[in-house]
Amino acid sequence: MYDGWKIIVGLIVCLAFFTFPFFYDAGKAAKAPEPVLTPKAKEAKECVAPGAYMKRYHMQLLEDWRNTAVRGGERYYDTGNPTWHLRVMDKIADATASAGERLYKSVERKVYYKSLQVTCMDCHSNKSKFCDQCHNYMGIAPYCWECHIEPEEKK
Amino acid sequence: MGIDRREFLKVAGLSALFGLGGRAAMDILAPGELEASAEIPPLKKGKQWAMVVDALKMDEAVMDKCIEACHHEHNVPDLGTPKEEIKWIWKEDYEHTFPDQENPYIAEEFEHKTFLLMCNHCTHPPCVRVCPTKATWQREDGIVMMDQHRCIGCRFCMAACPFGARSFNWGDPRRVLRVAELKELNRGFPWNHNYPTRSKGVVEKCTFCPERLAKGMLPACVEAANKVKKGSMIFGDLADPESEVREVLRKRYSIRRKPELGTEPKLFFAI
């Protein structure tokens, strides 16, 4: 190999340059933020489904709410009749379905008005600490708030 | 080395077969799917919501109240220019409300009358036929509903609607919070914190307030109209012969917009 050492040094420099961001940030992973509960949410103790379940499946629940409320015209959700949970479990893969079954326990029977803006945000009125924190950490930007009005937060 | 003549003809023949297959395959596998759906959902038993505007009781002051009530209820901003106007409910003169009824010797009372217009919630809605995503569809109770989550902003429905009942969001409606001149026009926007706004690129229109009906309330405009002048607007079930709308329609002569088009509007004007 002609000029072998030049090539090897060049390769090492290139490799170091391109992998620099990984080494630079190694071991400094940002901690996943915990959603903050408002006093009102804490007092309620229970959401429309168990907390661990909501953490994992709230997006499916919201999608189901929007479809059944807007398209189906069923605007109330009865926790005693968790048909959405069965629909969700039908849709997702078996591996996570078993986890979902484990996490799902019935909550106190109550009827909720299906609305992100009116019902969810009534308790969780701290959008920046409850929604945005995690969504930013995960690098996802749901477009809910282009239309739905977020509650005003006290700075 | 390239392919020989024999090879080329084989490939060309095969691709011609598939090229033809595109349209033919659709016809065989999914007949009728290529055309805009012409099927109209059958009328179901149960409620069929309809509205009667009493054109004799209605006056401009009441209309203004209705428009304000609706647009504040649904966070419909005033964008200042007719080119970008968003309207769910609006006023129109006789000539443009009933263009097919135009005649030079019409009673003066009607010639200069203003009418309160909104989506007709047609029994055979042309907007629903053309919507490629079913973002607008007819509910079983006859309401022609909009699902903003699904609207892709193609505006076929606006072209299809013969009544101009639909508006397109050319920009973000929330710009009324940022642009100084628009701020003035929309003090307090968004007025209703329990109802969303819309986003850029979706079509919107009157929905007969299904979110209020679900709670047993009347549509916002009807409620506002009856507060000012009782009986100027009547809302109810067209399928029920005992309902108030049917009662009024039995007793009074009523007209609808552009009946010759066969869309069967469910918005009636008692004259």
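# Exercises on a two-chain model

In this predicted model, Lys45(A) is exposed, because 10 other C-beta atoms lie within 10 Å and a residue with 12 or fewer counts as exposed.

## Exercise 1. Two residues with positive phi

Determine where Lys45(A) is placed in chain A, and state whether Cys209(B) is buried or exposed.

Solution.
- Step 1. Lys45(A) is not a glycine, yet its phi is positive, at about 65°.
- Step 2. Lys45(A) belongs to the loop between helix H2 (39-44) and helix H3 (51-71) of chain A.
- Step 3. Cys209(B), also not a glycine, has a positive phi of about 50°. Its place is the loop between S7 and helix H8 (210-213) of chain B.
- Step 4. For Cys209(B), 24 other C-beta atoms lie within 10 Å. A residue is buried at 20 or more, so Cys209(B) is buried.

## Exercise 2. The two chains and their contact

Describe the make-up of chain A and of chain B, and state how many residues of each chain are in contact with the other.

Solution.
- Step 1. Chain A holds 8 helices and 2 strands. Read from the N terminus, the order of its elements is α-α-α-β-α-α-β-α-α-α.
- Step 2. Chain B holds 10 helices and 10 strands.
- Step 3. Chain A has 155 residues, of which 13% count as buried. In chain B, with 271 residues, 34% count as buried.
- Step 4. Consider the contacts between residues at least 6 apart in sequence: in chain A, 77% of them join residues at least 24 apart. The corresponding value for chain B is 66%.
- Step 5. Between the chains, 14 residues of chain B are in contact with 11 residues of chain A. On the side of chain B that touches chain A, 4 residues are nonpolar, 6 are polar and 4 are charged.

## Exercise 3. Strand S1 of chain B and its sheet

Establish which strands of chain B pair with S1(B), in what order the strands of the sheet stand, and why two of them have one side without a neighbour.

Solution.
- Step 1. Strand S1 of chain B covers residues 49-54, and 6 of its 6 residues are buried.
- Step 2. In a regular strand, side chains alternate between the two faces of the sheet. On one side of S1(B) are Trp49(B), Met51(B) and Val53(B), and on the other Ala50(B), Val52(B) and Asp54(B); all are buried, and both faces are thus covered.
- Step 3. S1(B) is joined to strand S8 (residues 233-237) of chain B by 5 bridges, and these two strands run antiparallel. Ala50(B) has Gly236(B) as its bridge partner in S8(B), and Met51(B) has Phe235(B) there.
- Step 4. S1(B) also pairs with strand S10 (residues 267-270) of chain B, over 4 bridges and in the parallel sense. The partner of Met51(B) in S10(B) is Leu267(B).
- Step 5. The result is an open sheet of 4 strands in the order S8-S1-S10-S9 (chain B), with mixed pairing.
- Step 6. S8 and strand S9 (254-255) of chain B stand at the edges, and each has a single partner strand, so one side of each lacks a neighbour in the sheet.
- Step 7. Helix H10 (residues 244-251) of chain B packs on this sheet, touching S1, S8, S9 and S10 of chain B. The direction of H10(B) makes about 120° with that of S8(B).

## Exercise 4. Helix H2 of chain B

Compare the expected span of H2(B) with the distance between its end C-alpha atoms, and identify what covers its buried residues.

Solution.
- Step 1. Helix H2 of chain B comprises the 14 residues 60-73. At 1.5 Å a residue, these should span 20 Å.
- Step 2. The end C-alpha atoms of H2(B) are 20 Å apart, which agrees with the expectation.
- Step 3. Buried in H2(B) are Val62(B), Met63(B), Cys66(B), Ile67(B), Ala69(B), Cys70(B), His71(B) and Glu73(B).
- Step 4. The cover over these residues includes strand S2 (89-93), strand S3 (114-118) and helix H9 (220-228) of chain B.
- Step 5. Just after H2(B), Asn75(B) takes a positive phi of about 50°.

## Exercise 5. Domains and a cis peptide bond

State how chain B is divided into domains, and locate Pro190(B) in chain B.

Solution.
- Step 1. The domain assignment gives domain 1 (1-35) and domain 2 (45-270) in chain B.
- Step 2. The C-alpha centres of domain 1 and domain 2 of chain B are 49 Å apart.
- Step 3. Pro190(B) is found in the loop between helix H7 (180-185) and strand S7 (203-204) of chain B.
- Step 4. The peptide bond from Phe189(B) to Pro190(B) is cis, and its omega is near -5°.

Notes:
Residues numbered from 1 in each chain as written. Chains lettered and ligands numbered in written order. Predicted model: local features only at pLDDT ≥ 70, side-chain atom pairs only at ≥ 80, totals over all residues. Contact = placed C-beta atoms within 7 Å. Nonpolar A, V, L, I, M, F, W, Y, C, P; charged D, E, K, R; others polar. Pairing = 2+ DSSP bridges. Axes fitted to C-alpha atoms, helices over the stretch in contact; angles between N-to-C directions. Domains from an automatic or database assignment. Expected span 1.5 Å × (residues − 1).
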